[in-house]
Amino acid sequence: MALTPLAIHDLTEAVLGCVCVALDRTAAQVDGPPGCPSCRACVVPGQVSWDSCDDGCGQESTGGQLTVSVARIFPSTDADFPAEARVVQGVRGCAPPTVTALELVVTLLRCAPTFTETGCPPTCDELSAAAQVLHVDMTSVYNALLCCLPGTEQRRRGRRFVMGVQRTVGPEGGCVGLEQRVIVALPGCGLCPDDEESP
């Protein structure tokens, strides 16, 4: 069975929305950390470009850049998910892989304290405040995926996934943030082109 045409994009949009909601909830509960970025929260193609991590779209906006992208897609099996399947396809008597594995990358960037115009480094208080924002963002994104991904598929047990590495990125170019990877199972549920019924 093949994937439906929007299987990947619908999932990336669902993950983006889920992380946004989690960031806003955390901002309402914890004093200091911002919520979901107001202007730059989107699904992006390919590698993430660090376009903006500042406020840039109005006085009432929340700064930062939140993106969801696809790192890779590969075949797997029910028994060995998330291991990559090495089964030759197109041979008689061989069934196609029962699971397509999709590796997603969630990237969240915020402003990092930098040198002043006179060349002084950031103060320890500024660095500590930025570290707190980063640490709260890290837990918010991690918890969002743990809690949200199971409900993105209408199955009795929910969607299967494996949390990957979360790492800090930057500071670079005035930005610092996190990158969270997750491998998600996409069971085939569409018809192959040759199997579609003629009108």
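Helix H2 has 25 residues, which at 1.5 Å a residue should span 36 Å; its end C-alpha atoms are 36 Å apart, so the two agree. The expected span is 1.5 Å times one less than the number of residues. Helices (H or I, at least four residues) and strands (E, at least two) are DSSP runs, numbered from the N terminus.

This is a predicted model, in which local features need pLDDT of at least 70, side-chain atom pairs count only at pLDDT 80 or more, and totals for chains, interfaces and linings use all residues. Residues are numbered from 1 along each chain as its sequence is written, and side-chain values use heavy atoms, without hydrogens and water.

Five strands make an open, mixed sheet, ordered E1-E2-E3-E5-E4. Strands E1 (41-43) and E4 (161-172) are at the edges; each has a single partner strand, so one side of each lacks a neighbour in the sheet. Neighbouring strands are turned by 20° on average, direction ignored. Two strands pair if DSSP finds at least two bridges between them. E4 and E5 (residues 175-187) pair antiparallel over eight bridges. One bridge joins Thr 168 to Leu 178 in E5.

Two helices lie across the sheet strands, as tabulated here.

| Helix | Lies across | Angle |
|---|---|---|
| H1 (residues 7-29) | E1, E2 (65-76), E3 (99-111), E5 | about 140° to E2 |
| H2 (residues 124-148) | E3, E4, E5 | about 10° to E5 |

Axes are lines fitted to C-alpha atoms, for helices over the stretch in contact (heavy atoms within 4.5 Å). Angles run from 0 to 180 degrees between N-to-C directions.

The buried residues of H2 (under 20% relative accessible area, 1.4 Å probe, protein chains only) include Ala 130, Val 133, Asp 137 and Leu 145. The buried residues of H2 pack against H1, E3, E4 and E5.

Definitions and conventions: Buried means under 20% relative accessible area, exposed over 50%, partly exposed in between (1.4 Å probe, protein chains only).
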